[in-house]
Amino acid sequence: MISVLVTTHNHGMFLKKCISSILNNDKKYLKEIIIVDDSSIDNTSEIINKFKKKNKKIKYFNVKFCSPAKSKNYAAKISRGKWITFIDGDDYVSKNYLKDYVFFLKKNNPDFVYTNIKILINEKILLEKQNRKGILYILNNPHGSGCLIKNQLWRKVGGIDEKMKFQDDFNFWCKINFRKKTNIYYLNIANYIYRRHSYNRSKNYLQKYFYKLLSLFAYLFKKI
């Protein structure tokens with residue numbers, strides 16, 4: 001069973017579609033939906049409470065972390081599923097999102113599974129292949145949300161570094177790749193729709209790789 005972890009901050013205009021898309025999945029694969037609302041000041045709580053009244057699998061937590069990393073760690077900590085997957089409050093998924101993952105688990109023994117994603121830009125959808133390989137493999141982490149993660153793995157590596165303001169997904173990618181005997185799989189499907197808009201945290205590629213290098217050196221320095 002999969003725990004779906006939604007982290008959100010002022011995503012009121014997108015949240016209805018996000019939650020509806022999760023509920024459109026087959027309920028037998030869904031353990032729970034944990035929604036962590038971090039410091040929203042829009043209509044986010046109103047939208048979540050309407051869904052929560054109609055579905056017992058939805059659990060709502062209002063926090064004041066002002067930190068995406070803390071919100072993710074908090075959601076994972078209170079989750080009860082063997083598997084967890086993160087969905088950002090401004091994104092959404094297809095109706096086969098959970099089903100395709102469960103079918104993959106029946107034939108494989110992964111700790112972490114990532115897929116392709118679809119990017120929504122100005123109502124146009126583009127496919128981004130995410131099969132990571134080659135010399136820059138470690139720097140080219142897949143999009144963190146939309147992956148399937150064994151809950152036990154998240155806890156063993158301590159989640160993500162809460163000091164990270166940017167590239168927290170990359171921090172977790174480093175942790176699992178430098179850890180021995182971690183089964184990382186790529187699944188050639190695309191059920192996660194990433195909405196690219198003006199609120200996204202990092203759209204500047206030079207800035208993105210600058211923070212990745214800083215994060216990598218900081219991680220390796222801790223290990224020396």
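Start by selecting helix H6, residues 168–177: with 3 residues, this helix gives the largest share of the lining of the largest cavity. The model is predicted.

Next, show the cavity itself. The largest cavity holds about 110 Å³ of space. How many cavities of 30 Å³ or more are there? The count comes to 1.

Now select Phe112, Gly144, Ile149, Asp169 and Phe172; among the 14 residues that line the largest cavity, these lie nearest its centre. Colour the whole lining by class: 9 of the residues are nonpolar, 3 are polar and 2 are charged.

Then leave the cavity and select two helices, H1 (residues 12–23) and H2 (residues 44–54). Two packed helices are described by the angle between their axes and the distance between the axes. For H1 and H2 the angle is about 20 degrees, and the axes are 9 Å apart. Why is H1 described as roughly parallel to H2? The reason is the angle of about 20 degrees, because angles under 35 degrees count as roughly parallel. Turn the view to look at the crossing of H1 and H2, which is right-handed.

Show side chains at the contact between the two helices. On H1, select Gly12, Leu15, Lys16, Ile19, Ser20 and Leu23. On H2, the residues to select are Thr44, Ile47, Ile48 and Phe51. Coloured by class, this contact of H1 with H2 has 6 nonpolar, 3 polar and 1 charged residues.

Notes. Residues are numbered from 1 along each chain as its sequence is written. This is a predicted model: local features need pLDDT of at least 70, side-chain atom pairs count only at pLDDT 80 or more; totals for chains, interfaces and linings use all residues. Side-chain values use heavy atoms; hydrogens and water are left out. Axes are lines fitted to C-alpha atoms, for helices over the stretch in contact, and angles run from 0 to 180 degrees between N-to-C directions. Helices (H or I, at least four residues) and strands (E, at least two) are DSSP runs, numbered from the N terminus. A crossing is left-handed if the near helix is turned anticlockwise from the far one by less than a right angle, and right-handed if clockwise. Contact means heavy atoms within 4.5 Å. Ala, Val, Leu, Ile, Met, Phe, Trp, Tyr, Cys and Pro count as nonpolar, Asp, Glu, Lys and Arg as charged, and the others, Gly among them, as polar. On a 1 Å grid over the protein atoms alone, a cavity is a set of points where a 1.4 Å probe fits but cannot get out, and a pocket is an open set with protein on both sides within 12 Å along at least five of seven lines; lining residues have an atom within 4 Å of a point. Grid points are joined across faces, edges and corners, and a volume is the space filled by probe spheres set on the points.
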